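Reader: I'd like to go through the charged pairs and the contact surfaces of this one with you. Could you start wherever you like once it is on screen?

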Amino acid sequence: MKNLCRHAVEAAKHKGATYADARIVRLRNQLVAAEDKRIEEIRDTESFGVGVRVIADGAWGFAATARVEPGEIERIAARAVEIAHASALAKAPDGIHWAAEPVHDGVFRTPVEKDPFEVSLEDKTGLLLAIGEEVLAVKGVKKYHGHIYFRREHRFLATSEGTLVESETTHGLATYEATAVDDSTAKTRYFEAPGRSAGWEHIERTPLLAEARRVGEDAVAHLKAKPTPVGKKDLILTPSHLALTMHESIGHATELDRVLGMEESLAGSSFATIDKLGALKYGSPLMNIVCDNTMPFGLASRGWDDDGVAGQRWHVVKDGILVDYMSGREVCHAIGAERSHGSCRADSWASIPIIRQSNIGLEPGTEPLTLDELISDTKDGILIDGWGSFSIDQRRENFQFGGDCFWEIKNGKKGAMLKDVTYQAITTDFWGSLDAVCDKRFWDPVGIFGCGKGDPMQIAIMTHGSAPARFRQIDVGGATK
Amino acid sequence: MNESQAQSILQKILDASNAEAVVATLNGGMSATTRLADNLITQNFESSRAVLTVSCAYGQSHGTASTEDLGDESIKAVVEAAQAIAKSMPPDPEYMPPVEAGETAKYAKVDGYFDQTAGFGPQEKGAQLAVAAKSVAGKGYRLSGAYTSGDEFLAIANSAGLKAYHRSTQGEVHLTAIGNNGSGWAEKISENTDEIDVAAVADEALRIAELAQDPADLDAGKYTLIMQPAAVSELLMFFIWMGFDAKAADEGHNFLRGKLGQKIAPETITIRSDPAEPNCLGEPFQRDGLASRTISWVDEGALANMIYSRFWAKKQAKAPTGHPANIIMDGGTATLDEMVASTERGLLVTHFWYIRTVDPMRPLLTGMTRDGLFLIESGRIVGAVKHMRFNENPLDMLGRVEAMGPPQRTGEWMPMLVPALKVRDFNFTSTTKF
């Protein structure tokens, strides 16, 4: 494979490319899905192909094929150069700024204790069916869905600068949902082993079966829960919920290509423009947002990005101030950076690399603080767990989030379950109201599968970690007005 | 890939498998996109792929495997993988045997393949976009967008003797014109790239952008809202997706439970599918070989049909519908100008962004306006206003439609032919900063 990658790069250079890279990617996915007391589907898919990206005539071209053989590779290398010449019809007068990166040669592999693809299908179907039995045994639960998903991506990347790297990443999750139904409505509750770079051991260490009865009971309780209050409340958000809030209001907003307007036509742009770098008060001084493509379990940890840049760790928000972005080699010059942070990824061999969110999370509080202590310190609030509805404007300012489960907090006590809770805020107001973050004992990485960006849309994966955190006086319940 | 090449590969699957039932599909094609940002071509890519998917069954146990390697060794391996999965799977009480060969007689005649689209190259595409960008730049605006074209094929063969093949072409351009303080957007979708006038799309995006500059503050609240067809399609897609699954309704967990056959909207509302609709072609058959249906979902306000899988149809003694090949909402004759002229106070929106379900049972959707929100007073547009978030019940909204335009081709995720709508009391709940 390495020789074929080199061959693609040489073929592109021969056709006139001033820069070229080639990625050969084999992606294997396995999905086991259960519905009620049956296994609904087992699907094993494999994708294999090569993509060649070039700069020629000062412009970009990319072509890809599923036929990974020398003659076809030469054809797509030549085609990529042809396409670059078409791009030159509307190119920047000063061409493409391609930031320097040391030459890399190495192999990255996700540490895996138990290969998920070697675990028997009977073990996987057995687990899902056992969970289903427990969930459906709860009176009032009428529906159960569960699935286990693993993916393994084996990638070879060569660049015309001499980088030649290999990565083999393994990612997986298990998740299930109970739905309770009564005469007036239906409500749900989910539980999961969230997406991680890991093997089957991640599934075994998560109490999926042990929690099943409680999850079913929560779904039934959700039916009878108190309606959402309307007005300003203090919110305590758990890591499983905060992951998506960070993803939408910080992660996407600090992708440098979006900030520069390169995704304006579909995914949108960002309010966090480069003229505000170093000055924008993104949130309270407790807000420290760190990107880390080297972190264990991180879905974006893969050694090198698809620009051939080594994984790094850096702040995008420090003590509440916007200090940096997620960047790629093409755009980092716009903020005066000489080196990319390595955030470019493609979702397959057939896709062009674009800036995708790194593993990005909220640093834990530095003072000892438990979730119980945080609740005890809250007079009138709501505790929100898990993902629900989510929507944000294209500049990442006005957002509205729901959740999976909600409880009122009155005078320091976790009280009755609530339903239909949503909260709405402007991003900087929301993060400005952050006044407490639990300590590192409670910091939890939560993987996101299914982040859409690009045009046509590509799907990426990444991890967002946090500890439970409190936000003061946020507008709640506006959706139901 | 032509029909003969595709069926030759699928026959190898049928020959190689010892399963009691086999369904093999091969789908793929070529897709090419040129992306524009700030008047420059920033990305330009092309890929070809074909995915071979094999489903095998022994009794009621079934398994599926797929590959993109179409070599003989890979074909053998993917059959063995699907068979091994099937043998590991507990019997599935909802398993359905392959669709019978006679189903092909029900396929609509759909001819949506244009050689000029399949051969539409990056030079011609780039040249059209470059001219449009230069024109927009000359007016002091920036043009961003994407032009995607290509071809697709879907071939199927199963152990019940069904064989089918369909191919089509697609062209789609959407452009955003961006000024210092406001943007406009327009699109054109056609199977035939000769029908796509990039300059006209850019002009429309620019026209909206010029109107959209320097939006004023306006309080959120209930407004009469005129939605362009793209905005209607985005709401309608979520409406169908949330509510029309018959199994979920019969089990009590979607908002149309118990409503089949009942009136759910005024008589002016008809929503249907027709794969042969010339202005909005759909695929004539589905991945399992079932014919795509010409069917009404909402017929003059009555919930006429829901989406029935083959299993659920059999259980409930209904006809299977499969999934909609396209969504068509019958319209009216009102022009956009007439809708504006008849509005005392209201808003006009270009399209929506980030629509999501808030409550699937009520039902309730949220989302943002995008690329042009305009205030109408005394029958004319008086200026742009800052974008707003809505929280709206799409079923209830159908009862508040006051005027409809002629249907237009749109649809980000599936072919849709829908009209502009004028709706009273559309519920905006908050505003944003631009």
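**Charged pairs and contact surfaces**

Author: A:Arg109 is partly exposed, with a relative accessibility of 44%; on this scale buried means under 20% relative accessible area, exposed means over 50%, and partly exposed lies in between, using a 1.4 Å probe and protein chains only. The model is predicted, so local features need pLDDT of at least 70 and side-chain atom pairs count only at pLDDT 80 or more, while totals for chains, interfaces and linings use all residues. Residues are numbered from 1 along each chain as its sequence is written, chains are lettered from A and ligands numbered from 1 in the order in which they are written, and side-chain values use heavy atoms, with hydrogens and water left out.

Reader: OK, and which side chain does A:Arg109 meet in a salt bridge?

Author: A:Arg109 meets A:Glu168, at 3.6 Å from N to O, where a salt bridge is a side-chain nitrogen of Lys or Arg within 4 Å of a carboxyl oxygen of Asp or Glu. A:Glu168 sits in strand E6 (residues 164-181) of chain A and A:Arg109 in strand E4 (residues 105-109) of chain A, so the pair ties together parts that are 59 residues apart in sequence. Strands (E, at least two residues) and helices (H or I, at least four) are DSSP runs numbered from the N terminus. A:Glu168 is partly exposed as well, at 21% relative accessibility.

Reader: How many salt bridges are there over all chains?

Author: The count comes to 70 over all chains.

Reader: What about A:Lys13, which residue does it pair with?

Author: A:Lys13 pairs with A:Glu10, the closest N and O atoms being 3.6 Å apart. The two are three residues apart in helix H1 (residues 2-14) of chain A, so about one helical turn separates them. A:Lys13 is partly exposed at 37%, and A:Glu10 is partly exposed at 46%.

Reader: Now B:Asp92 and A:Arg38: where does each of them sit?

Author: That salt bridge has its closest N and O atoms 2.9 Å apart. The pair crosses between chains, with B:Asp92 in the loop between helix H2 (72-88) and helix H3 (115-118) of chain B, and A:Arg38 in strand E2 (residues 38-56) of chain A.

Reader: Is B:Asp92 buried or exposed?

Author: B:Asp92 is buried, at 2% relative accessible area, and A:Arg38 is buried at 9%. Both belong to a network of salt bridges whose other members are A:Glu35, A:Asp36, A:Lys143, B:Glu94, B:Lys247 and B:Glu251.

Reader: Stepping back, how much area do chain B and chain A bury between them?

Author: They bury about 6,300 Å², with 51% of it on carbon and sulfur atoms; buried area here is the accessible area (1.4 Å probe) that two parts lose on being put together, summed over both. In terms of contact, which means heavy atoms within 4.5 Å, 73 residues of chain B touch 82 residues of chain A. Six salt bridges are counted between the two chains.

Reader: And how many residue pairs in polar contact between chain B and chain A?

Author: There are 35 such pairs, both residues being at pLDDT 80 or more. A polar contact is a pair of N or O atoms within 3.5 Å; within protein, one must be able to donate a hydrogen and the other to accept it, and residues adjacent in sequence count only if both atoms are side-chain atoms. On the side of chain B that touches chain A, the largest share, 11 residues, comes from strand E2 (residues 40-58) of chain B.

Reader: Switching to chain A by itself, what domains does the assignment give?

Author: It gives domain 1 (2-224) and domain 2 (227-476), bounds of this kind coming from an automatic or database domain assignment. Their C-alpha centres lie 21 Å apart, and the contact takes 52 residues from domain 1 of chain A and 45 residues from domain 2 of chain A. Between them the two domains bury about 3,900 Å², of which 54% is on carbon and sulfur atoms.

Reader: How many salt bridges are counted between domain 1 and domain 2 of chain A?

Author: Nine are counted between these domains.
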